Amino acid sequence: MRVPLPALLGGSAALLLLLLRWRRRRGLWRKVAEAQQRQERSLVQMETAAQRFREQNPSVNVVSILSLPLPELSKKLRDGSLPLDHVFYAYVGKALQIATETNCITEYLQESETQLRKVKLTGKQGLLYGVPVSIKDSIDCQGHDSTMGFIKNLNKPAAEDSVVVQVLRRQGAIPFVKTNVPQSLISYDCKNIIFGQTRNPLLYTRTPGGSSGGEGALVGGGGSILGIGTDVGGSLRFPAAFCGICALKPTGNRLSKRGVLSGVVGQKAVAAAVGPLAKDVESLALCLRALLCEDMFSLDSTVPPLPFNEEVYSSTQPLRIGYYETDFFTMPSPAMRRAVRETKQLLEEAGHTLVPFELTNVDYVIFNFCVRGMFADGGTSFIKKFNGELEKVGMGLLICLAKSPHWLKTLLSWIAKPFVPRFSSIIANMRANTVDEVWSLHHEIEDFCHQFIAQWKKLNLDVMLCPMLGPALGIGYPGKLSVAVSYTMLYNALDFPAGVVPVTMVTDEDEEELKDYKGYYRDWWDRTLAKAFGGSVGMPVAVQCVALPWQEELCLRFMKEVERLALKKNSFF
């Protein structure tokens, strides 16, 4: 029997220990309150700056500025037909509005106003000259916290900019806000104890996705024209799909990750990536053109010196496209299945060749590669991140499993197997592995990747069309539905570039069909997912576009074609 420490210490010592714990908790809550006050001050600073600009420039048409797509806006900034401060303060004002509605901004980078003046004075015109850019919380900006939703990371400002932020600045971009994330980043919701819940700008009762959820909400609401986030299981693609915008997860090392924090440090089984979010595909392409430059290759020599390939991106040759409607692990919602079918038909009508792709063993990939790979130490390093925190937001079950001894995990897995086989597999794969087992796992992942590529090449494919989870789930549901990451996480395990493009919206017919949704396992997760999908008429639904490693330009070219055809068919995008 475990005896509480205060009882062992005796009366006065126990009282002292309780007092110390109380004081410590009080100190942590004080840090949270101070951070929330800084967040409030940031919004006040934004309001003051935007109001001052409006008073000094009452004739500026802010609506017309905000309506410009990034390529056109960038061109006007570079040729001088649009003043930099007009654009900057237009976005500061709009970002403030979206932040007030969705709680997506954690901090205003007030030095961005100084940078704006410097950019105007130097006149050095990079590809993103004068473009305001939003930055995910976990990407270092000098002088600002990268909290990942943890109290312990408050008041620890970054000593220097991450490489990606340095390159953005050298290209003339102006990082102006940092955006909210879920605690630890290992979630596709967006909530933490410091800054609270971020909401979807299209429907406040829905999650914006995560972990780049603040970015999704801000860009999706029109408060940022370009955002930078990260993705280790769908963390760029979920927010983009849920908020009706576009995003690209590149091959893991195409863009530098120096100065970018990770949810699980050191694991190599599931590749993380840095990537952009924007309203349209051309904006993503412009961002990659700007980032894939000599500055990035010299600042981080581990990034391969591969400049943006314009020839591939601008090609108009018909594509040979693989496709599948389901991964046979997470049953697609009616809207997801329709999105793939309609996009397939549009592509065929445009002269492309569509080839069925047989996807197998996704359950094995999710459990044995992703869960086991990310928690190969039994979850020890993950648990350490929560030490001393006041709350484990949305992570209770995962942390309990990670803390459980090996024998208990084995027993629980055995008991659960007949009733909830997926839960059983998760428990079984959260055990600590030996070094030999980890090496064997990495070898197995390499083999799987080669087999997948061999199947791809046997069909002579250029790219792949896949479902993307959607529509946006209700707030709180992602924490109950970790298994629903199967459509995105597959391509982190394979380390393929993958992007999302919105192509349709949920219809009344989709909602009616959802009543018959059962799922493949017919377990608690499937029943919960059916509820999470419900009540979504009018919400956007995206498809996922995939290419082979290092072929980001081809992936973007495919995304651009999907976007063009969807826009042509649907006037509401």
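## Tour of the nonpolar cores and salt bridges

Start by selecting Met 46, Ile 228, Met 296, Leu 556, Phe 558 and Met 559: of the 98 residues in the largest nonpolar core, these touch the most other members. A nonpolar core here is a set of buried Ala, Val, Leu, Ile, Met, Phe, Trp, Tyr and Cys residues joined through side-chain atoms within 4.5 Å. Buried means under 20% relative accessible area, exposed over 50%, and partly exposed in between, with a 1.4 Å probe and protein chains only.

The model is predicted: local features need pLDDT of at least 70 and side-chain atom pairs count only at pLDDT 80 or more, while totals for chains, interfaces and linings use all residues. Residues are numbered from 1 along each chain as its sequence is written, and side-chain values use heavy atoms, with hydrogens and water left out.

Next, select residues 84-102, helix α5, which gives the most to the largest core, with 11 residues. Helices (H or I, at least four residues) and strands (E, at least two) are DSSP runs, numbered from the N terminus. Colour by domain: the largest core draws at least three residues from each of domain 1 (32-301) and domain 2 (317-374 + 435-572), with bounds from an automatic or database domain assignment.

Zoom in on Met 559. Leaving out residues up to four places away in sequence, Met 559 touches Ala 247, Leu 248, Val 281, Leu 284, Gly 499, Val 500, Val 501 and Cys 545, where contact means heavy atoms within 4.5 Å. For another core, apart from the largest one and made up of 83 residues, select Phe 382, Ile 426, Ile 445 and Ile 453, which are among its members.

Now turn to the charged side chains. A salt bridge is a side-chain nitrogen of Lys or Arg within 4 Å of a carboxyl oxygen of Asp or Glu; the count is 23.

- Select Glu 552 and Arg 254, a salt bridge with the closest N and O atoms 2.7 Å apart. Glu 552 is in helix α23 (residues 552-569) and Arg 254 in the loop between β7 (246-249) and β8 (273-278), 298 residues apart. Glu 552 is buried at 0% relative accessibility, and Arg 254 is buried at 2%.
- Select Arg 289 and Glu 310, whose closest N and O atoms are 2.3 Å apart in a salt bridge. Arg 289 lies in helix α10 (residues 281-291) and Glu 310 in helix α12 (residues 310-314), so the pair ties together parts 21 residues apart in sequence. Glu 310 is partly exposed, at 36%.
- Select Asp 510 and Arg 338, a salt bridge at 2.6 Å, N to O. Both are buried. Add Glu 342 and Lys 569 to show the network of salt bridges linking them with Arg 338 and Asp 510.
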